[in-house]
Amino acid sequence: MGEAKPENWIRCDETGKEMLSRVLSGRPFIIPAPPLHRLALRLRNVVEISGPSNSAKSQVLVQAVVHFILPKEWAGIQFGGMESKVVFFDLDCRFDVLRLSQILTHRISETCGSIGQIAFDELFHDCMSRFLYVRCYSSSDFLSSLKELSYQIQRKDETIGTGLRLLLIDSVGSFHWIDRSNQLRGLCKGKNISPQSLQEAIVHELHELLLLQPLLVLATKASLFRTETPNEYQSTGDRNLLFREYMPAVWQSFVTHRIQLHPSDELLSDGSEPIRSYTSDWLQPSVSIKDRFIVRDDGIFLT
Amino acid sequence: MMDTEEEDFKSRLAPDVTPNRQLPWLTGIELLSDTNQNKHFLPTGLEGIDALLGGGLRQGQVTEIAGPSSSGKTQVCLSSATHVVDRNFGMVLYLDTSNSFSPFRISCFVNQLHPSLPKELKETSLQTIMSNIYCQSVFDIFALLDLLHHVETTLKHTVKLGGSKLCLLIVDSVSSVIAPVIGGKNSQGWCMMASVGVLLKRIAYEHNIAVLVTNHMVGGENGTLKPALGESWKGIPHIRLLLSHGTGNNHGTTTVLKHTLMVSMHLDHHEIWSKWVVFFSVLEHSSVTGRVLYVAGDSFAYRTHASDTN
């Protein structure tokens, strides 16, 4: 009783400056490639990229992959990449590795200028081996892959576990119809697993993963259901951008940032060819500026 | 040491979910080498369409061709089947939902392929080609799902014995079996459509097969036509092409709706000979924009096609 002086209780553990420096070094800010560049993201953020079909969502993911797998500096040349591992969960099964290699080749050639073929191959090989890929054909596949990933991280497995900074999920809503129909039919295998609890288990697993290892999570979501808009929203410039949310509440509360992409009606002229442009709109936290970008062979560029 | 750890992991995994297959973790390098070695481009026989596809139908991917009736979708399917078998890529499985498979058209394509061969050799080549195309009728979605499961099981357990392997799977048209079950508030139909999609993509990727499906058109907003099967289907094929009639009586157009690789709207020009008169432009959903290219072709073949029922 005598040792616990009242002053000890209000004595501070660390000053604000110390806390800020601790937090910033543990979870540094990341400025990803456009169109995600408006907000400074940090590890343990979960960003949901939504949009209708054909709105360049998967291209945004590939762009982020290239940014993360490039080295900070290599043979004296500054690349400005994150030099860390990336794991890609392909639920949609539509990932094209040739597109990734195309963008990576363009980036290396642009930054390096002319380097020898052997050096180029070595750099390319280094970068591509930081990219890990898993295909999942059902929600239970996805869940078991997540469990295996956390197991590999705990084991500090050299091939998978260490140096992971980015986790990408292509299309969280891919199995929406299958899961929903299974839920209605009351289908379950073995013990009682309803797909509602399957979704909860997936989010729980992701949450555990984020606690184990600080990661940035980027997930795309296809906007399937367009809602009816009242007339005052329809103007000549913007199209109806309201989509109904179909992911379960547990996922919605897990997401920390939301951005919506949309293909634009206008065509910009790039030289002699008209090019389709896309708009990006941050929904959470809401930013009033909308960005416009185009997708070219060598990546995504703002206009 | 490793074994006990793995046992422990598996026992923690088992109560929640039973992993029924090994999920491989591939690095970028392994993915790239697999694509370069195993996933080749299969010719459709129509050079213009091959150019739009970036080389042809790609193994491991699902290609969709949408278009109104008698715009040539079945002709593209038959032409692809003929050319793939003729160049010894492997066998073709043609799932026919609307009795549109025409052996007569296949023999026309074979004639055009080898115009200068003597009659006996033409006969033999026709026999060989016909024996490598397997045609099966399916009339509803349950039969389709059954058949696809059966194909997958057979492929898993077949060892290549030096004969040809299945390399192209055509479903003409997938929309006529899916469209009757979707729509309405019940989600069963959408679930079956999603299952067909997952199955086609799995068969394509795991067994290095190109899948070609056709889709019809329905009325959209403002009276324009749009591909059928709705928003959820758009996320399933890798590549989507749109065929449509032009204003002239001999012209058709082919436009790219979605592509995994050719994301920009620049298309290379090719001076190509094609069996049809086609011109190409790049589409932004339903309005036609962009560069157009006229290609001269053989109008006789198109007139013959126009008299076929499609």
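**Confidence, burial and salt bridges in a predicted two-chain model**

User: Which elements of chain B have the lowest and the highest mean pLDDT?

Analyst: In this predicted model, the elements of chain B span a range of mean pLDDT from 26 to 93. The lowest value belongs to helix H11 (residues 299–307) of chain B, and the highest to strand E8 (residues 210–215) of chain B. Over residues 264–310 of chain B the pLDDT is below 50, although the model gives this stretch 117 contacts beyond near neighbours in sequence. The elements asked for are therefore, lowest and highest in turn, helix H11 and strand E8.

User: How many contacts beyond four places in sequence does the model have for residues 13–20 of chain B?

Analyst: For chain B as a whole, the mean pLDDT is 74, and 71% of the residues reach 70 or more. Over residues 13–20 of chain B, pLDDT stays under 50. Beyond four places in sequence, the number of contacts in the model for these residues is nine.

User: What ipTM does the predictor give the complex?

Analyst: The predictor supplies two scores for the complex. The pTM is 0.81, and the ipTM is 0.83.

User: What percentage of the residues in chain A is buried?

Analyst: Chain A contains nine helices and 13 strands. Its accessible surface comes to about 14,200 Å², with 52% of that area on carbon and sulfur atoms. Among the 303 residues of chain A, the buried share is 52%.

User: Is A:Asp179 buried or exposed?

Analyst: A:Asp179 is part of helix H7 (residues 176–185) of chain A. Its side chain makes a polar contact of 2.6 Å with that of A:Ser139. The relative accessible area of A:Asp179 is 11%, and the cut-off is under 20%, so A:Asp179 is buried.

User: Which helices of chain A hold A:Lys147 and A:Glu205?

Analyst: A:Lys147 and A:Glu205 form a salt bridge in which the closest N and O atoms are 3.7 Å apart. The two residues are 58 residues apart and link distant parts of the chain. A:Lys147 counts as buried because its relative accessibility is 13%, and A:Glu205 counts as buried because its relative accessibility is 10%. A:Lys147 lies in helix H6 (residues 139–154) of chain A, and A:Glu205 lies in helix H8 (residues 195–212).

User: Which residue of the salt bridge between A:Glu245 and A:Lys221 is buried?

Analyst: The closest N and O atoms of this salt bridge are 2.8 Å apart. The pair links distant parts of the chain, 24 residues apart: A:Glu245 is in the loop between strand E9 (216–222) and helix H9 (249–254) of chain A, and A:Lys221 is in strand E9. A:Glu245 is partly exposed because its relative accessible area is 28%. At 4% relative accessibility, the residue that counts as buried is A:Lys221.

User: Which residues are linked with A:Lys221 and A:Glu245 in a network of salt bridges?

Analyst: The structure holds 12 salt bridges over all chains. A:Lys221 and A:Glu245 form one of them. The further residues of their network are A:Glu48 and A:Arg258.

User: How far apart are the closest N and O atoms of B:Asp34 and B:Lys39?

Analyst: B:Asp34 is partly exposed, with a relative accessible area of 21%, whereas B:Lys39 is buried at 8%. Their closest N and O atoms lie within the 4 Å cut-off, so the pair forms a salt bridge. The separation is 3.2 Å.

Terms used
Residues numbered from 1 in each chain as written. Chains lettered and ligands numbered in written order. Predicted model: local features only at pLDDT ≥ 70, side-chain atom pairs only at ≥ 80, totals over all residues. Heavy atoms only, no water. Helix = DSSP H or I, 4+ residues; strand = E, 2+ residues; numbered from the N terminus. Buried < 20%, exposed > 50% of the residue type's maximum accessible area, 1.4 Å probe, protein only. Polar contact = N/O pair within 3.5 Å; in protein donor to acceptor, adjacent residues only side chain to side chain. pLDDT = per-residue confidence, 0-100. Contact = heavy atoms within 4.5 Å. Areas by Shrake-Rupley, 256 points an atom, 1.4 Å probe, with all protein chains shown as cover. Salt bridge = Lys/Arg side-chain N within 4 Å of Asp/Glu carboxyl O.
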